[in-house]
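These notes are meant for a colleague who is opening this structure for the first time. Please keep the sequence and the model in view while reading the points below.

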Amino acid sequence: MQRLLIPVFDPAVKEWALEARLLRWLTFLWLFVGLAVLFSASYPSANAEFGDGLYYFKRQLIWVVVGLIGFNVLVYTPLRYIQGISDWAVIILLGLIWLTIVPGFGTTVNGATRWLKLGPALIQPSELIKPFLILQAARIFGNWNRLTWQVRINWLVIFAAVLLGILVQPNLSTTALCGMTIWLIALGSGLPFSYLGSTAFGGFLLALLSISIKEYQRRRVMSFLNPWADRFGDGYQLIQSLLAVGSGGTLGTGYGLSQQKLLYLPIQYTDFIFAVYAEEFGFVGSMVLMLLLGSYATVAVLVAYKTREIVPQLVAIGVMVVMIGQSLLNIGVATGALPTTGLPLPLFSYGGSSMIASLMCAGILIRVARESSTGEVVSLADKRRSRFGRGRRKR
């Protein structure tokens, strides 16, 4: 029971393969750094809004506990069982995604209707579907040649419905991330380039259509190109983020000493939390975070390389794309390299659905690493006992 609730203290880990152990500790390091940054970034806003500086941090801890339980369940569940429920999970969450746009069901925050109210909590189906979308896409494209065209078309329609449902919320950034993940999984499975090229072109046209129809998306793109043209309007958020990043200098202002988080930088504890991190830890701290992301990506690629079966290999690729790709997109937005989007920074940004989905993705990747191990790690004490037992039986 303790191993399930507190996966940090798990004596069975020493018997895991090296890649699985590395991923586990990198995940916990990523999580603990993220919690520390969230505490600093959210305190001023929470104190101003609720009179309790720990308001957001305490709620995030609840989601972390829930996410870690799911994380540990996935780590100890065979991948074939997890994939056995992925199809139904995708269909159920697809229904919830479309339910958000039904009047009276969805909850609108900052002009986007992406949430459903579940008692006192808000859940975001477009975040929760990510790990199951990875599993199901890997399952379909990994077995593509064995499936009938009817099954192929059915799941392509379902994937398209997921992307369209997220797009109309509207949530162009998450749509792009999920579409890119599905596309890269299909690429890794060896699908013909004629299919992939036409799909990529169609996705590009859909994104252009969405930007041309949605005025606020168009304004975001224009403000990204020149935020100072409307420095008190659409460009304000990006300008404050750039001021935060630039103020960090080489070594940063110090933990907890960010100035931009003092109600200058909007939503500094969610989409722009990296700006606070960069201000407090500077260029050196930012490079350390990039090193952490690079290490995580490298181990994930090694897991995919060592995996002998195509489906687990595609799962590892999909998780790496979601965890690292989303992180780089978030950092790109905060530094002005990409247009402003609503993507959270995994394991950093405030939000229960994002935290649970990220920990589930990490758990799935560790499970793949455990199953892809070609050998079993056996302690020396167990080895001696095994030899001693064989010697006694021979005599």
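1. Helices α10 and α11 pass each other in a left-handed crossing. Please bear in mind throughout that this is a predicted model. The axes of α10 and α11 come within 6 Å and cross at roughly 25°, and because angles under 35 degrees count as roughly parallel, α10 is described as roughly parallel to α11.

2. The contact behind that crossing can be followed residue by residue: on the α10 side there are Ser241, Ala244, Val245 and Ser247, and these meet Ala275, Ala278 and Glu279 on the α11 side. Sorted by class, the residues of this contact of α10 with α11 comprise four nonpolar, two polar and one charged.

3. The loop that lies between α10 (236-247) and α11 (273-306) deserves a look as well, since leucine 263 is placed there. Although leucine 263 is not a glycine, its phi is positive, at about 70°.

4. A second backbone detail sits in another loop, the one between α6 (149-167) and α7 (172-189), where proline 170 is found. The peptide bond that leads from glutamine 169 to proline 170 is cis, and its omega is near 0°.

5. Turning to another helix pair, α4 (residues 79-99) and α5 (residues 125-142) pack with their axes 8 Å apart, at an angle of about 135°, which means that α4 counts as oblique to α5. The crossing in which α4 passes α5 is left-handed.

6. Which residues of α4 meet α5? Leu79, Ile82, Gln83, Gly84, Ser86, Asp87, Ala89, Val90, Leu93, Leu94, Leu96 and Ile97 are the ones from α4, and their partners in α5 are Pro125, Ser126, Leu128, Ile129, Phe132, Leu133, Leu135, Gln136, Ala138 and Arg139. When the residues of the contact of α4 with α5 are divided by class, 15 are nonpolar, five are polar and two are charged.

7. A further pair is formed by helix α12 (residues 310-334) and helix α13 (residues 352-372), whose axes come within 9 Å and cross at roughly 145°. The crossing of α12 and α13 is left-handed.

8. In the contact between these helices, Pro312, Val315, Ala316, Val319, Val322 and Met323 of α12 meet Ser358, Cys361, Ile364, Leu365 and Val368 of α13. By class, the contact of α12 with α13 holds ten nonpolar residues and one polar residue, with no charged residues.

9. The strands also merit a comment: three of them make up an open sheet in the order β1-β2-β3, and the pairing is antiparallel. Strands β1 (106-109) and β3 (121-123) are the edge strands, each of them pairing on one side only. From one strand to the next, the twist averages 50°.

10. Within this sheet, strand β2 (residues 112-118) pairs with β3 in the antiparallel sense, over three bridges. What stands opposite lysine 117 in β3? The residue in that position is leucine 122.

11. Finally, the aromatic rings may be checked, for the count comes to 21 aromatic pairs. Among them is the pair of phenylalanine 28 and phenylalanine 32, with 6.3 Å from centre to centre and 25° between the planes; this pair counts as stacked because planes under 30 degrees apart fall into that class. Both phenylalanine 28 and phenylalanine 32 lie in helix α2 (residues 18-50), where they are four residues apart, about one turn of the helix.

Methods: Residues numbered from 1 in each chain as written. Predicted model: local features only at pLDDT ≥ 70, side-chain atom pairs only at ≥ 80, totals over all residues. Heavy atoms only, no water. Axes fitted to C-alpha atoms, helices over the stretch in contact; angles between N-to-C directions. Helix = DSSP H or I, 4+ residues; strand = E, 2+ residues; numbered from the N terminus. Parallel < 35°, antiparallel > 145°, perpendicular 65-115°, else oblique. Left-handed = near helix turned anticlockwise from the far one by under 90°. Contact = heavy atoms within 4.5 Å. Nonpolar A, V, L, I, M, F, W, Y, C, P; charged D, E, K, R; others polar. Pairing = 2+ DSSP bridges. Phe/Tyr/Trp six-rings, centres within 6.5 Å; stacked < 30°, edge-to-face > 60°.
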